[in-house]
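The following exercises concern one strand and its neighbours, and then the surroundings of the ligand. Each task is followed by a worked solution.

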Amino acid sequence: MSSLLEPVTIGGKLPLRNRVVMGSMTRNRCVDDYKPGPAQVTHYADRARDGTGLIVNEGTFVDWTGCDWKYSPFMITDDHAAAWRVVTDAVHKEGGKIFFQAWHAGRCQHDQMPVMKKMGGRVLAPSSIKADAGKYRDLPGAPGHTENVVAIENPRDVVETFRRSLQLAKKAGFDGSELLAQGGYLPQQFLNTRANKRTDNYGGSVENRCRFILEVVDVISEIFGGPEYACVKLNPTDFLNDSVVTFKEMKETYTYLIKELVTRKVGIINLSRRGIDHNGGTGDFFGHIPRPTEYPLPLGYDPVLDFGPLVKFPGSPSMLMANHDYTLEEADRLVKEGKLDLITFGRPFIYNPDIISRIRHGIPLSGNTRDNTVHYGPYKTPDENYNDWPSAIIDREKI
Ligand SMILES: Cc1cc2nc3c(=O)[nH]c(=O)nc-3n(C[C@H](O)[C@H](O)[C@H](O)COP(=O)(O)O)c2cc1C
């Protein structure tokens with residue numbers, strides 16, 4: 001049997017049916033007031049019914065955000081929580097577990113997007129520096145991320161914004177929360193000297209730059225009943241959304257941060273290897289974007305193998321999860337070799353509602369047999385390219 005199907009318990013408290021985790025994926029399908037609807041209920045329940053160990057919901061904004069995905073969810077009102085409750089109930093009914101992905105875009109948004117104008121939202125970031133990336137197809141001239149970036153006065157206020165949203169997520173029935181701390185979004189902006197020029201105790205030294213993430217993690221622990229219910233998604237080699245830093249800065253920052261997260265007994269550290277030139281992967285969705293040449297990595301560098309031992313050692317309270325372009329075979333081997341505890345699959349969960357059954361029966365995973373509209377749309381109905389991917393095993397009773 002594949003080692004991926006072994007049950008596992010996070011921090012001695014959170015039992016999972018197996019080690020396969022559905023990664024958070026923005027699918028732009030909230031047609032009604034930034035809330036999930038019947039399409040999301042079906043989508044997540046189908047993957048839970050097949051036996052997925054843990055599901056992380058699509059990135060969900062903790063504050064009003066002028067992002068480029070106008071049908072993404074928010075978790076700001078009781079109405080949002082009530083809509084997510086229907087999803088979490090459906091997942092739990094199938095024996096699954098589901099984490100809430102807390103997302104704050106920080107400077108990676110645009111103040112001219114309709115929701116920002118309507119809600120009077122401000123684009124907040126550690127410092128007032130535009131992110132050199134982004135493309136807002138619905139705004140005239142398809143500009144990049146906004147110039148109007150307001151430096152956060154007191155980061156504790158933004159920690160409280162996370163708290164309010166996480167409290168709603170708890171009310172909505174989520175089992176824990178993954179903090180999105182990569183992709184160039186707010187938590188990573190604090191980590192990074194490109195975006196963070198603060199001179200208070202949230203900027204400057206490595207300890208100061210890591211403070212914001214650690215404070216949000218403490219809030220997740222308080223709300224969900226312990227650090228075991230917290231997951232932090234990190235991508236040390238990231239270069240999306242103007243997030244690239246030198247190898248030296250990256251090593252210093254993530255060594256300190258990961259050690260602190262383990263000291264806090266955070267349940268899962270989810271490390272992405274995006275941004276390295278491993279094998280180029282399938283090229284599906286992410287394309288083959290080359291790493292900026294001024295920020296080279298040592299030949300063959302892999303952040304999961306480099307930082308992994310900080311998380312995975314005898315007696316460690318934390319679990320190591322990895323993502324980005326893993327195959328079933330590579331993930332299974334790394335778990336068998338004791339180098340990984342859990343694996344996130346992202347894209348494969350789009351095209352295969354039945355990954356667990358396929359692993360169990362040795363059936364290869366399907367790739368993207370359609371086109372590049374399947375991820376974010378456009379679509380005629382939210383179910384299109386979302387809830388219409390075939391299972392390999394049609395009649396489950398015959399298995
Ligand atoms: C369509 C799409 C949307 C995504 N949205 C998110 C997101 O909202 N939050 C996040 O942390 N990662 C997001 N990701 C990244 C995935 O969670 C995952 O880390 C990545 O796809 C690598 O895993 P894979 O190689 O198995 O696809 C997204 C990926 C895809 C393909």
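**Exercise 1.** Determine how many bridges join β11 to strand β12, and in which sense the two strands run.

*Solution.* In this predicted model, strand β12 covers residues 319-323. It is joined to β11 by 5 bridges, and the two strands run parallel. Within this pairing, L320 of β12 stands opposite I269.

**Exercise 2.** Identify the sense in which strand β10 pairs with β11, and trace the chain from β10 to β11.

*Solution.* Strand β10 comprises residues 230-234, and its pairing with β11 is parallel, over 4 bridges. One bridge partnership links K233 with N270 in β11. Leaving β10, the chain passes through helix α7 (residues 247-263) before it reaches β11. This β-α-β crossover is right-handed.

**Exercise 3.** Are the residues of strand β11 buried or exposed, and which of them point the one way or the other?

*Solution.* Strand β11 spans residues 268-272, and 5 of its 5 residues are buried, which leaves the strand mostly covered. I268, N270 and S272 point one way. I269 and L271 point the other way, and the residues of both sets are buried.

**Exercise 4.** Establish which residues come nearest to the ligand, and describe the shell by class.

*Solution.* There are 20 residues around the ligand, and G23, G59, G346, R347 and H375 come nearest. Two elements, β13 (342-345) and α10 (347-351), each give two or more residues to the shell. By class, the shell consists of 11 polar, 5 nonpolar and 4 charged residues.

Terms used
Residues numbered from 1 in each chain as written. Predicted model: local features only at pLDDT ≥ 70, side-chain atom pairs only at ≥ 80, totals over all residues. Buried ≥ 20, exposed ≤ 12 C-beta atoms within 10 Å, placed from the backbone. Pairing = 2+ DSSP bridges. Right-handed = clockwise from strand over helix to strand, strands pointing away. Near = placed C-beta within 6 Å. Nonpolar A, V, L, I, M, F, W, Y, C, P; charged D, E, K, R; others polar.
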